[in-house]
Amino acid sequence: KTALLAALGHFIHLRCAGGGAFDQVYWLGGKTAADDFQRLLEMLQTTPDLNVLVIVTDGPSQPPVEELLNFSRKVRLIVETSNIWSAGGDVKSTPMPLGPLEPLLQARLFLQRAARPLYDFELEPTHQPGQMPSSEPNLANISLQPRDLIALAELPWIKALQGVPLRIVITAQRLKTWEAAESGPTGQVSGRVKLRAVRPDGLSREVMLNLTTTLQE
């Protein structure tokens, strides 16, 4: 979605520069795509003169957005797809290949989605994901300055993600803390953690649970 939005921003910029800004922008995707599509059809039937931009994400439940073009010539579609897509007829389709994210965007996306702050050893060129030292590491001091972000994006284990947003997000969310990766002499995890339990009626209370407590318990 990050790469898609970058391409979308460029498209809207060109559109606004030509004096034809959009009146409304719609995003169709996910579980509500079918319902949102029907509401959009109803809106175009009543107000066909609106300049409407519709962004459609790829997925198994992608609605038949070609129907939107039958209601208004002012509809513009941006369709995310892994296959060649064409609306048919006299509609012009312009492919917009989505390449990898720029290094700065890669680093920012990784830090935004990271499950925890990075450790200093993870900034070493020889680091491999999943590796943990035997002693407790220090947190890395990473600023949001461009030079630091580019240095992060140039790390071999980050470059291996090839700038693909989904790979970057998954890797960032899979980061484990040093404590979670360590175990005691017997191989058993010990300790307790404080949690806030929230009931369906909104009431909550704090509880102490052992780290060995299972979901079933």
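## Starting with a tryptophan

Is W157 buried or exposed? This is a predicted model, and in it W157 has a relative accessible area of 5%, so it counts as buried, the cut-off being under 20%. Let's see what sits around this residue, and then look at some charged residues elsewhere in the chain.

## The largest core

W157 is part of the largest nonpolar core, a group of 17 residues. Along with F110, L118 and I168, W157 touches the most other members of that core. Which helices feed residues into this core? At least two residues each come from α3 (103-113), α4 (146-153), α5 (156-159) and α6 (165-173). There is also another core, lying apart from this one, with 14 residues that include F37, L44, L68 and V75.

I168 is a good place to stop and look at the company a core residue keeps. If you skip its neighbours within four places in sequence, I168 is in contact with L101, Q106, L109, F110, L161 and G163. Now try T171, which lies in helix α6. With residues up to four places away in sequence left out, T171 touches F110, W157 and L161. T171 has a relative accessibility of 19%, so it still falls under the 20% cut-off and counts as buried.

## One side of helix α3

Which residues of α3 are buried? They are Q106, A107, L109 and F110. These four cover an arc of only 165 degrees around the axis, which means they sit on the same side of α3. A bit of helix geometry is handy here: an α-helix has 3.6 residues a turn, so residues three or four places apart point the same way.

F110 deserves a closer look. With a relative accessibility of just 1%, F110 counts as buried.

## Two pairs of rings

Aromatic rings can be found in pairs, and a pair is described by the distance of the centres and the angle of the planes. How many aromatic pairs does a search of the whole structure find? It finds two.

One of them brings F110 and W157 together: the ring centres are 5.5 Å apart and the planes are at 80 degrees, so this pair is edge-to-face. The two rings come from distant parts of the chain, with F110 in helix α3 and W157 in helix α5, 47 residues apart. The other pair is Y119 with F121, and this one is stacked, with 5.7 Å from centre to centre and 20 degrees between the planes. Y119 and F121 are both buried.

## R116 and its partner

Time for some charge. R116 is found in the loop between α3 and α4. Is R116 buried or exposed? Its relative accessible area is 9%, so R116 is buried. Not counting residues up to four places away in sequence, R116 touches E122, M132, L175, K176 and T177. You can also check its spacing from L139: the two residues are 23 apart along the chain, and their C-alpha atoms are separated by 9.7 Å.

Among the residues R116 touches, E122 is worth zooming in on. The side chains of R116 and E122 make a polar contact at 2.7 Å. Their contact is also a salt bridge, with the closest N and O atoms 2.7 Å apart. E122 is buried as well, with a relative accessible area of 3%.

## The other salt bridges

Side chains of opposite charge can pair when their charged atoms come close. A search of the whole structure finds three salt bridges, and the one between R116 and E122 is among them.

Another joins R39 and D36, whose closest N and O atoms are 2.3 Å apart. D36 is found in helix α2 (residues 33-46). R39 and D36 are three residues apart in that helix, so about one helical turn separates them. D36 has a relative accessibility of 19%, so it counts as buried. Leaving out its neighbours within four places in sequence, D36 is in contact with W27 and L28.

Then there is the salt bridge where the side chains of E154 and K159 meet, at 3.5 Å from N to O. How accessible are its two residues, and what do they count as? E154 has a relative accessibility of 41% and counts as partly exposed. K159, at 46%, also counts as partly exposed.

Key: Residues are numbered from 1 along each chain as its sequence is written. This is a predicted model: local features need pLDDT of at least 70, side-chain atom pairs count only at pLDDT 80 or more; totals for chains, interfaces and linings use all residues. Side-chain values use heavy atoms; hydrogens and water are left out. A nonpolar core is a set of buried Ala, Val, Leu, Ile, Met, Phe, Trp, Tyr and Cys residues joined through side-chain atoms within 4.5 Å. Buried means under 20% relative accessible area, exposed over 50%, partly exposed in between (1.4 Å probe, protein chains only). Contact means heavy atoms within 4.5 Å. Rings of Phe, Tyr and Trp (its six-membered ring) pair if their centres lie within 6.5 Å; planes under 30 degrees apart count as stacked, over 60 as edge-to-face and the rest as tilted. The arc is that of the directions from the helix axis to the C-beta atoms. A polar contact is a pair of N or O atoms within 3.5 Å; within protein, one must be able to donate a hydrogen and the other to accept it, and residues adjacent in sequence count only if both atoms are side-chain atoms. A salt bridge is a side-chain nitrogen of Lys or Arg within 4 Å of a carboxyl oxygen of Asp or Glu.
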